[in-house]
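Let's take a walk through this protein, starting with the whole chain and then zooming in on a few of its parts. Keep the 3D view open as you read.

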Amino acid sequence: MFKCRVCHTDVSPFMTFGQMPIANGFLTEEQFEDEFFYEMEVGVCSACSMFQLAGQPEPQQMFHQSYAFYSSLSAHMQSHFGNFAAYLDEEYLSRRIDPFVVELGSNDGIMLQHIKERGYRHLGVEPSANVADIARSKGIETLSEFFSLDLALRLGSLHGKADVVTCANVMCHIPDINSVAAGIASLLKPDGVLVFEDPYLGNVIEKISYDQIYDEHVFLFSVRSVGNAFSRHGLELVDVTPQETHGGSMRYILAPKGSRPIKPSVSEWLQVESRQGLDVQDTYDKFKKDCDVSRMKLKNLIKALKIEGKRIVGYGATSKSTSVLNYCGIGPEDIEYITDTTPLKQGKFSPGAHIPIRGHDAFTGDYPDYALLFAWNHANEIFSKEGDYKRSGGKWILFVPEVKVIN
Ligand code: TYD
Ligand code: ZN
């Protein structure tokens with residue numbers, strides 16, 4: 001049993017993943033001995049519908065000085081955030097006088113750079129010092145702190161209230177959602193909006209993408225749970241739009257209650273969620289079984305290929321891959337290395353499983369027989385880049401939505 005972080009109702013976990021390391025905690029050999037593990041369990045609150053981790057490591061364990069996540073490395077994400085900024089501009093900024101945009105978890109400024117280019121007042125709040133420094137070097141106003149009600153009050157008196165508060169792939173990371181929601185509510189102008197997007201629970205259940213569940217993702221949101229969580233702080237959902245990013249995300253638009261018309265998308269998606277059974281315990285019991293089957297199939301496939309003497313590598317040292325490797329018990333005896341373009345990850349080892357991370361050259365210089373696509377959310381971008389691998393006879397192993405091999 002644990003207490004729901006939103007409404008404090010008792011929740012009993014429906015699934016345990018066993019001992020998990022920090023998903024983004026890529027480490028050196030010397031650090032193996034002191035590696036941090038925790039029991040990863042998930043549950044859904046029967047009162048407010050929030051899907052959440054039972055326990056979560058301390059933020060300091062997860063978002064440290066050398067946090068290895070850089071938003072700007074994917075070409076597709078670059079264009080996504082260009083479009084995101086254009087959407088904010090068109091819908092909520094262009095007709096306002098001297099608007100002010102606050103982004104939580106602004107990372108290296110992948111989105112705010114477009115807001116800055118348009119000459120709008122902006123502020124990024126980014127606790128990870130190394131990525132915040134990159135944003136500052138691009139001239140993006142950035143504060144290295146964790147967002148809270150307290151910080152929101154200080155920002156409001158220092159800079160004035162915000163027209164738009166936004167974040168992407170950040171809200172679902174913040175355990176004290178009540179403090180953040182209260183902070184945002186106090187920071188917004190009466191006609192301001194909160195726009196955020198995160199991986200969508202409906203897609204995770206449908207695609208059996210259990211790899212979206214890891215320490216940083218303390219919540220997996222649905223339209224219903226987001227509506228419930230923010231209504232406690234005077235904000236209501238006025239629109240929702242599905243997104244392709246991260247294998248299926250949802251963009252939520254919230255405004256002070258009664259300040260804007262509510263678009264039909266909100267009730268339409270609530271109906272979709274009822275039809276999918278997101279409020280029914282059976283759905284999660286089935287999800288757990290689906291995950292077990294997915295794990296067994298992936299392990300069996302890898303075992304069979306190893307018996308045939310095939311070389312298998314991982315592609316994309318994603319945070320998600322940490323859940324797959326540790327939940328499935330896949331290690332360096334199965335996967336030679338994981339290739340990843342992030343310099344900070346290269347030369348290190350994957351959390352828990354301790355598979356070496358190598359650069360892209362390792363892959364192109366000596367193609368394996370099979371590449372297990374951990375970065376499946378970037379499949380199109382990667383497949384078009386790796387035409388030579390395919391032509392050389394290389395095969396891809398996918399595990400979402402099902403375990404299969406493709407040429
Ligand atoms: P990301 O999609 O952010 O997933 P997660 O949130 O689970 O960490 O991470 C993608 C990772 O894949 C990142 O480490 C960079 C790597 N990558 C490549 O190595 N090559 C590529 O072509 C792409 C698109 C990503
Ligand atoms: Zn709850």
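## Overall shape

With 407 residues, a compact globule would have a radius of gyration near 22 Å, and the protein chain comes in at 21 Å, so the two agree. Keep in mind that you're looking at a predicted model. If you line the chain up along its principal axes, its C-alpha atoms fill a box of roughly 65 × 50 × 40 Å.

How much of the chain is buried? Buried residues make up 58% of the 407 residues. There's also a lot to say about who touches whom: take the contacts between residues at least 6 apart in sequence, and 69% of them join residues at least 24 apart.

## Surface and charges

The accessible surface of the protein chain adds up to about 16,300 Å², and carbon and sulfur atoms account for 51% of that.

As for charges, the chain carries 39 positive and 52 negative ones. Work out the mean position of each set, and the two points sit 4 Å apart.

## Helices, strands and an open sheet

What is the chain built from? You'll find 14 helices and 19 strands in it. Six of the strands form an open sheet with mixed pairing, in the order β16-β15-β14-β17-β18-β19. Its edge strands are β16 (357-358) and β19 (404-406), each of which pairs on one side only.

Now look at one end of that sheet. Strand β18 (residues 395-398) runs antiparallel to β19, and three bridges join them. One pair to find there is Ile397 with its bridge partner in β19, Val405.

## Strands β3, β4 and β5

Next, find strand β4 (residues 37-44). Six bridges join β4 to strand β3 (residues 15-21), and the two run antiparallel. Across this pairing, Met20 stands opposite Tyr38 in β4.

β4 also pairs with strand β5 (residues 51-53), again in the antiparallel sense, over three bridges. Here Gly43 stands opposite Gln52 in β5. The hairpin of β4 and β5 has six residues between the strands, and in it Ser49 takes a positive phi near 75°.

## A look at helix α4

Which residues of helix α4 (residues 129-137) are buried? They are Asn130, Val131, Ala132 and Ala135. What covers these buried residues includes β8 (142-143).

Follow the chain on from α4 and you'll meet Gly139, which has a positive phi, near 85°.

Key. Residues numbered from 1 in each chain as written. Chains lettered and ligands numbered in written order. Predicted model: local features only at pLDDT ≥ 70, side-chain atom pairs only at ≥ 80, totals over all residues. Heavy atoms only, no water. Helix = DSSP H or I, 4+ residues; strand = E, 2+ residues; numbered from the N terminus. Rg over C-alpha atoms; globule rule 2.2 N^0.38 Å. Buried < 20%, exposed > 50% of the residue type's maximum accessible area, 1.4 Å probe, protein only. Contact = heavy atoms within 4.5 Å. Areas by Shrake-Rupley, 256 points an atom, 1.4 Å probe, with all protein chains shown as cover. Lys, Arg positive; Asp, Glu negative; His and termini not counted. Charge placed at Lys NZ, Arg CZ, Asp CG, Glu CD. Pairing = 2+ DSSP bridges.
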